[in-house]
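Explain how this chain is held together. Take the charged pairs, then a helix, then two single residues.

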Amino acid sequence: MTDPAPLLLGAILAGGQAQRFGSDKAQALFAGDRLIDRVAAALNAQCGAHVVCGRMEPGFTCLPDWPEPGLGPLGGLAAALRHAAANGFAHVLSAGVDAPNLPHDLAASLTGEGAAIIASQPVVGLWPVAACHPLEAFMEGGGRSLYRFADAIGARRIYLPRPLMNVNRPEDLP
């Protein structure tokens, strides 16, 4: 049996402005580590490679949001799917920079037919590369909601036994 990890591209969606947080969320500390490093470690445990979408971050492979900044998480997901398609990956495992407690078996929890998202956090999902063109068409038609896109392609909503953190404000960090 072959390892599916090389076919997975991890994508950290980090293009938000963190207005509610008040400073750069990616650099905030949780359990002694930067949020971006915790998310990267969880993705590295299950993916062949990972990228940061929507920002420049030293030490990481970074992609600008596609087709332009300011489109929310869909711009980062579109960039990741395009990169995955061009580089031989089958799926993108996406997560926001603000989910520092991602399980290291997240991809296994989301594996199944088509796309899947975490019901409470649609930024966390497993997306087949085939979703690239439907996402581009959705965005060209003015779509900006990740939930609406997920519904449009029939993404399954998955419930994890332990809730994921969603760090939006400094007080969300223990």
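A residue counts as buried under 20% relative accessible area, as exposed over 50%, and as partly exposed in between. The model is a predicted one.

Start with the charged side chains. Side chains of opposite charge can pair when their charged atoms come close. A search of the whole structure finds eight salt bridges. Three of the pairs are followed here.

Asp 151 and Arg 157 form one salt bridge, at 3.0 Å from N to O. How accessible is Arg 157? Its relative accessibility is 35%, so Arg 157 is partly exposed. Its partner Asp 151 has 47%, so Asp 151 is partly exposed too.

Next, Asp 24 and Arg 55. Their side chains meet in a salt bridge of 2.8 Å, N to O. Asp 24 sits in the loop between strand S1 (8-13) and strand S2 (29-30), and Arg 55 in the loop between strand S4 (49-53) and strand S5 (62-63). The two are 31 residues apart in sequence, so the salt bridge ties together separate parts of the chain. Asp 24 is partly exposed, because its relative accessibility is 32%. Arg 55 is at 19%, under the cut-off of 20%, so Arg 55 counts as buried.

The third pair is Arg 34 and Glu 57, with a salt bridge of 2.9 Å, N to O. Arg 34 belongs to strand S3 (residues 33-34), while Glu 57 lies in the loop between S4 and S5. This pair also links distant parts of the chain, 23 residues apart. Arg 34 has a relative accessible area of 22%, so Arg 34 is partly exposed. Glu 57 has 6% and is therefore buried.

These two pairs belong to something wider. Asp 24, Arg 34, Asp 37, Arg 55 and Glu 57 are linked in a network of salt bridges.

Now turn to helix H4. It spans residues 132-140, and its buried residues are Cys 132, Leu 135, Glu 136, Phe 138 and Met 139. Why do they line one face of the helix? Seen down the axis of H4, they fall within an arc of 160 degrees, so they share a face. An α-helix has 3.6 residues a turn, so residues three or four places apart point the same way. On the other side of H4, His 133 and Glu 140 are exposed.

What covers the buried residues of H4? The cover includes helix H2 (73-86), strand S8 (121-128) and helix H5 (146-152). After H4 comes Gly 142, with a positive phi near 95 degrees.

Strand S8 also holds Pro 122. Its relative accessibility is 11%, so Pro 122 is buried. Setting aside residues up to four places away in sequence, Pro 122 touches Ile 117, Trp 127, Leu 146 and Tyr 147. Pro 122 and Gly 96 are 26 residues apart in sequence, with their C-alpha atoms 9.4 Å apart in space.

Last, Asp 98. Asp 98 lies in the loop between strand S6 (91-96) and helix H3 (106-110). Is Asp 98 buried or exposed? At 12% relative accessibility, Asp 98 counts as buried. Its side chain makes a polar contact of 3.0 Å with the side chain of Lys 25. Beyond its neighbours within four places in sequence, Asp 98 is in contact with Lys 25, Leu 35, Met 165, Asn 166, Val 167 and Asn 168.

Conventions:
Residues are numbered from 1 along each chain as its sequence is written. This is a predicted model: local features need pLDDT of at least 70, side-chain atom pairs count only at pLDDT 80 or more; totals for chains, interfaces and linings use all residues. Side-chain values use heavy atoms; hydrogens and water are left out. Helices (H or I, at least four residues) and strands (E, at least two) are DSSP runs, numbered from the N terminus. Buried means under 20% relative accessible area, exposed over 50%, partly exposed in between (1.4 Å probe, protein chains only). A polar contact is a pair of N or O atoms within 3.5 Å; within protein, one must be able to donate a hydrogen and the other to accept it, and residues adjacent in sequence count only if both atoms are side-chain atoms. Contact means heavy atoms within 4.5 Å. A salt bridge is a side-chain nitrogen of Lys or Arg within 4 Å of a carboxyl oxygen of Asp or Glu. The arc is that of the directions from the helix axis to the C-beta atoms.
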